[in-house]
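Have the model open in a viewer with the chains coloured separately. The stops below say what to select and what is there.

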Amino acid sequence: MTNVGGITERPPSLQDHPSDALLAEVRERYPTDQPSQDALDQKYARRRGPGWSPTPLETIADSVRKWMRHEVGPDVEVTDVRWLTGGASKIQAAFTLRPGDGTEQRLLVRMDPPETINCTNKRTEFAVMRAVRDHLPVPDACWIDAEAEYLPEPALICGFAEGVTKPRAATTGQVSGLGTNFGPALRPSLAADFVAHLGTLHTMPIDALRPPDAVAPRVGSTENALWRLNFERQLWELDRAEDVPVMEVAGAWLERNAPALDRASVVHGDYRSGNFLFDESTGRISAVLDWESAHLGDRHADLAYCTQRLYGHYAEDGRTFLASGLLPAEDLYEAYRRTSGLEIDHDRIRWYRMLATYAAIVKTLATSVRVARLGRSHQDVLLTRLEGVVPVLLGQLAVMLEEVL
Amino acid sequence: MDRTSMASRAACKAMTDTVLPALLATGDSQAIEQAHLVRDFLGYAADRVDLVDRRNRFHLRAALATAEAVEAQGVLPAGEPVCAAVAEGRRVLADPDADDRAVVAALAALDGALCGLVRRLGTMAPDVRAAVERAVVAGSRPRLAADRSWVAPLGFDPEPATIPDLLGALDGRREDA
């Protein structure tokens with residue numbers, strides 16, 4: 001081992017099971033907010049446990065029954081349990097809950113694999129979904145099993161939202177909803193809802209979100225930007241299997257140029273095509289999904305995120321690039337200003353776009369590789385395929401760095 | 001003779017002709033999705049396996065060129081690990097008998113040394129930092145262009161029409177990321 005610039009460099013295989021000393025060293029060097037640190041600590045503590053092995057559907061059903069008897073009552077029935085595909089990061093099953101009063105409800109249980117592409121805090125996800133439900137269409141967050149008391153791994157139970165993530169007839173769209181083409185007929189109404197919901201999210205009160213679920217960063221300081229950067233840098237240090245010089249340049253530039261926060265908002269953290277449901281007949285968004293990266297922070301993070309090229313595509317004219325497959329980025333910003341009443345700072349958009357690209361590289365080049373190498377998720381074969389986005393993301397990062405260096 | 005490529009194609013064909021049709025009948029969406037991913041990977045591996053050594057040598061050449069460009073700035077202190085990594089990279093590239101493990105090790109040493117240097121730049125003069133950072137970013141471009149071509153079959157690139165030809169990129173004929 002050698003010591004370079006204050007961080008002890010290690011052969012990649014040693015990072016399969018980082019020591020307490022290494023975890024403490026990285027935590028001290030890259031401080032982040034407590035809910036994010038809790039997520040990191042839980043991820044690496046769970047790394048010491050067994051890898052992923054298939055959980056029989058009956059085990060899920062029995063666990064949910066036990067859980068629902070505790071939450072709802074002894075007469076509860078859990079039936080019609082079936083698997084759903086859960087994207088790259090979640091194991092999902094649908095079931096019908098009959099509380100014993102003659103009613104029934106279709107619900108969804110979302111369980112983590114032992115380790116996944118996203119490092120998230122389930123308590124934060126649950127608290128944010130509860131906080132936003134009076135403001136936005138979201139699945140009802142019903143119960144949380146944060147410590148895996150009932151399920152084999154931490155889990156949430158949510159209401160079952162109706163809708164589709166892409167047109168049923170669509171032949172485009174990658175795994176995880178990347179590059180979904182909604183078609184010209186659906187775009188105007190979906191774009192209007194997409195922008196309006198984002199503005200609503202960023203202007204809603206944040207008082208309901210408190211520690212330990214969420215921490216509001218100090219307005220007028222760079223605290224938020226550095227928390228978000230340092231969260232990613234901890235993951236990069238601990239998960240990456242190779243050194244990438246351009247990532248070091250990006251991390252250093254982001255640290256030197258961290259912007260101050262002007263207003264603390266609820267930030268979705270993964271706001272893009274593929275992460276909302278819509279009704280094909282009306283062209284309206286029926287539910288905003290995937291709140292696992294939500295936090296209190298800077299609205300520019302969502303604005304930069306949803307306008308990344310990876311989540312968009314060219315319109316039928318072959319020239320107009322559609323952010324999240326819906327509308328040009330400048331049109332999105334203008335509509336957002338109009339509907340939210342909030343200003344947009346393009347310097348902060350640029351910083352958060354670079355951070356979003358940096359974070360996406362952390363996920364695809366570091367965490368996905370580490371998780372698949374150790375066989376820790378139900379979607380290792382999908383995680384390895386994400387190699388395909390790495391050169392695109394690193395190319396974006398290089399272009400952005402050339403503009404600012 | 002190595003038959004990995006041929007065997008991968010045979011396995012890919014079995015997935016297409018036999019396994020996937022049987023799975024589709026079960027309606028198990030997770031299994032069907034993963035079977036498609038497995039089939040696609042087998043085809044991808046069949047196309048790439050015979051080029052892995054060539055790709056690693058290309059990356060070593062490109063990383064060496066980046067480190068040499070940094071060295072040429074004339075700002076590195078005596079004993080800088082980048083200089084030792086450059087010497088080792090040159091030695092491996094000049095050795096026609098160097099095996100792939102030696103190439104990968106030399107590449108990792110160069111990338112590691114460059115990362116270490118970038119981390120120490122905060123303690124150096126701003127003009128030195130800027131010059132080194134620009135050289136590192138510029139040096140990444142040929143490698144990214146080649147990697148875009150390498151992973152093109154995975155289908156994520158939002159601008160596939162601009163992806164350079166793989167063999168040309170590995171020969172260093174195209175340098176636009």
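Begin with chain B, where buried residues make up 45% of the 177 residues. Keep in mind throughout that this is a predicted model.

**Stop 1: chain B, whole**

Show chain B as a cartoon. Seven helices and zero strands appear, and from the N terminus on the elements run α-α-α-α-α-α-α. The radius of gyration of chain B is 21 Å, well over the 16 Å that the globule rule gives for 177 residues, so chain B is more spread out than a compact globule. Turn chain B along its principal axes: its C-alpha atoms fill a box of roughly 65 × 35 × 25 Å.

Next, display contacts within chain B. Of those with a separation of 6 or more, 66% are between residues 24 or more positions apart.

Switch to a surface for chain B. The accessible area comes to about 8,600 Å², and 57% of it belongs to carbon and sulfur atoms. Colour by charge to find 21 positive and 26 negative charges, whose mean positions are 1 Å apart.

**Stop 2: chain A, whole**

Now select chain A. Its cartoon holds twelve helices and 13 strands. How does the radius of gyration of chain A sit against that of a compact globule? With 405 residues, such a globule would have a radius near 22 Å, and the 21 Å of chain A agrees. The C-alpha atoms of chain A fill a box of roughly 65 × 50 × 40 Å along the principal axes.

Colour chain A by burial: 60% of the 405 residues count as buried. Among contacts in chain A between residues at least 6 apart in sequence, 71% join residues at least 24 apart.

With the surface of chain A on, about 15,400 Å² is exposed, and carbon and sulfur atoms supply 50% of it. Chain A carries 44 positive and 57 negative charges, and their mean positions lie 1 Å apart.

**Stop 3: an aromatic cluster in chain A**

Show aromatic side chains everywhere. Over all chains, a search of the whole structure finds ten aromatic pairs. For one of them, zoom to F182(A) and F276(A): the ring centres are 5.6 Å apart and the planes at 20 degrees, so the pair is stacked. F182(A) lies in the loop between β7 (155-159) and α5 (187-203) of chain A, and F276(A) in strand β9 (residues 276-279), so the pair ties together parts that are 94 residues apart in sequence. Are these two residues buried or exposed? Both F182(A) and F276(A) are buried.

Finally, add F194(A), Y271(A) and F278(A) to the selection. Together with F182(A) and F276(A), these residues form one aromatic cluster.

Definitions and conventions:
Residues numbered from 1 in each chain as written. Chains lettered and ligands numbered in written order. Predicted model: local features only at pLDDT ≥ 70, side-chain atom pairs only at ≥ 80, totals over all residues. Heavy atoms only, no water. Helix = DSSP H or I, 4+ residues; strand = E, 2+ residues; numbered from the N terminus. Rg over C-alpha atoms; globule rule 2.2 N^0.38 Å. Buried < 20%, exposed > 50% of the residue type's maximum accessible area, 1.4 Å probe, protein only. Contact = heavy atoms within 4.5 Å. Areas by Shrake-Rupley, 256 points an atom, 1.4 Å probe, with all protein chains shown as cover. Lys, Arg positive; Asp, Glu negative; His and termini not counted. Charge placed at Lys NZ, Arg CZ, Asp CG, Glu CD. Phe/Tyr/Trp six-rings, centres within 6.5 Å; stacked < 30°, edge-to-face > 60°.
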